[in-house]
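Here are a few short exercises to work through with the structure open beside you. Try each task yourself before reading its solution.

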Amino acid sequence: MNVSRRVRRLLPLALLLGALSSACAPNAPQDTLDPVGPIAKQLDGLFNPVLAVAAVFFFLVQGLVLFSAIRFRRRSEDEAPKQIHGNVKLEITWTAIPALILAIVGIATVITILDINKIDKGADVLDVTVTGHQWWWEYEYPELGLVTANELHIPTGTRVELKLESDDVIHSFWPPKLAGKVDVIPGHTNTMAIQADAPGEFEGQCAEFCGISHSRMRLRVIAQSPEDFKAWAADQKREHPASAPGGTGEVAEGAALFQSRGCGGCHTVAGYTQGEIGPNLTHLFDRETFAGSIFELNSINLRRWLRDPQGEKPGNKMVLPVPLNEDEITKLIAYLETLK
Ligand code: CUA
């Protein structure tokens with residue numbers, strides 16, 4: 001056998017091994033196979049047995065195909081296969097068994113769907129309205145009177161019912177360790193529930209292509225103990241004195257620039273500006289990430305963003321007709337850092 005033929009023969013094996021090993025990430029923050037709440041665990045409890053049955057039949061069928069191809073291969077030029085005309089018993093068997101299995105899977109799926117979507121208003125439930133925007137997430141807690149962006153805080157052990165709405169195109173809300181994915185459709189409200197058993201940060205992302213920066217529409221769910229969640233919510237209600245310009249120095253100049261350079265036309269800072277287009281920035285520096293959770297929140301990344309928001313996230317609505325200069329950026333960051 002010459003070398004190129006040997007390589008060609010080994011290529012499928014190499015590809016298979018590559019695909020298998022790529023499934024073994026030691027740290028996979030969006031691993032659907034590692035559920036952390038009752039809803040995700042219920043989905044996992046449906047997925048695993050279905051996968052097991054599918055795997056058995058995959059190897060059985062592929063094995064039979066390989067066996068038949070080798071065992072009954074044509075051995076000489078003038079050999080003709082034995083001519084047969086179907087086998088009624090065999091055909092009924094291989095129609096009935098899959099039909100039965102699919103019926104069982106179907107029933108289990110419908111039961112699971114109905115169960116995770118049951119509305120149980122008697123229980124202690126937290127409502128959140130999630131609005132998808134190109135390309136960030138807005139979270140409104142109607143009972144708490146709070147609005148925040150990208151990082152969804154939830155109390156552990158509580159069923160959180162999400163109302164999913166879109167401001168523009170179809171998105172899909174997907175926090176893999178907590179729930180499945182549900183489409184977020186303009187003009188139509190979908191619902192889904194999430195619940196976390198233990199405190200932690202769970203990454204997710206938009207799972208429906210929604211424009212050029214779809215891949216830059218990430219999200220985080222931050223599950224906190226009920227006490228910590230309460231403290232967080234109370235803190236979010238605070239309006240800070242630094243919101244209003246006055247005083248002197250970089251912070252006051254930055255606050256004035258926030259108005260004069262138009263930031264306040266799109267971004268709300270409670271008690272200072274009112275804007276509906278971009279994320280609410282009232283407590284920006286309580287967050288760990290920004291711009292659809294694609295950046296860790298710090299002054300270096302903020303500077304990068306303010307220099308060229310279109311370069312960092314093409315097509316987003318933050319368009320600066322005149323770019324900010326370095327001095328303006330420094331002052332704006334000094335102001336933004338006070339929004340805790
Ligand atoms: Cu929003 Cu993809």
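**Exercise 1.** In this predicted model, decide whether His 171 is buried or exposed.

*Solution.* Start with the cut-off: buried means under 20% relative accessible area. His 171 has a relative accessible area of 0%, so His 171 is buried. Next, place the residue: His 171 belongs to strand β6. Finally, look at the surroundings. Leaving aside neighbours within four places in sequence, the contacts of His 171 include Gly 132, His 133, Trp 137, Cys 206, Cys 210 and Met 217.

**Exercise 2.** Work out which kind of aromatic pair Trp 137 and Phe 173 form.

*Solution.* By the pairing rule, the model holds 13 aromatic pairs. In this one, the ring centres are 5.1 Å apart and the planes meet at 85°. Planes over 60 degrees apart count as edge-to-face, so Trp 137 and Phe 173 are an edge-to-face pair. Now find the two partners: Trp 137 is in strand β2 and Phe 173 in strand β6, so the pair ties together parts 36 residues apart in sequence. Both Trp 137 and Phe 173 are buried. Together with Tyr 139, Trp 137 and Phe 173 form one aromatic cluster.

**Exercise 3.** Do the same for Tyr 141 and Phe 229: which kind of pair is it?

*Solution.* The ring centres lie 6.2 Å apart with the planes at 45°, so this pair is tilted. Tyr 141 sits in strand β2 and Phe 229 in helix α4, 88 residues apart, so to speak a link between distant parts of the chain. Tyr 141 and Phe 229 are both buried.

Terms used
Residues numbered from 1 in each chain as written. Predicted model: local features only at pLDDT ≥ 70, side-chain atom pairs only at ≥ 80, totals over all residues. Heavy atoms only, no water. Phe/Tyr/Trp six-rings, centres within 6.5 Å; stacked < 30°, edge-to-face > 60°. Helix = DSSP H or I, 4+ residues; strand = E, 2+ residues; numbered from the N terminus. Buried < 20%, exposed > 50% of the residue type's maximum accessible area, 1.4 Å probe, protein only. Contact = heavy atoms within 4.5 Å.
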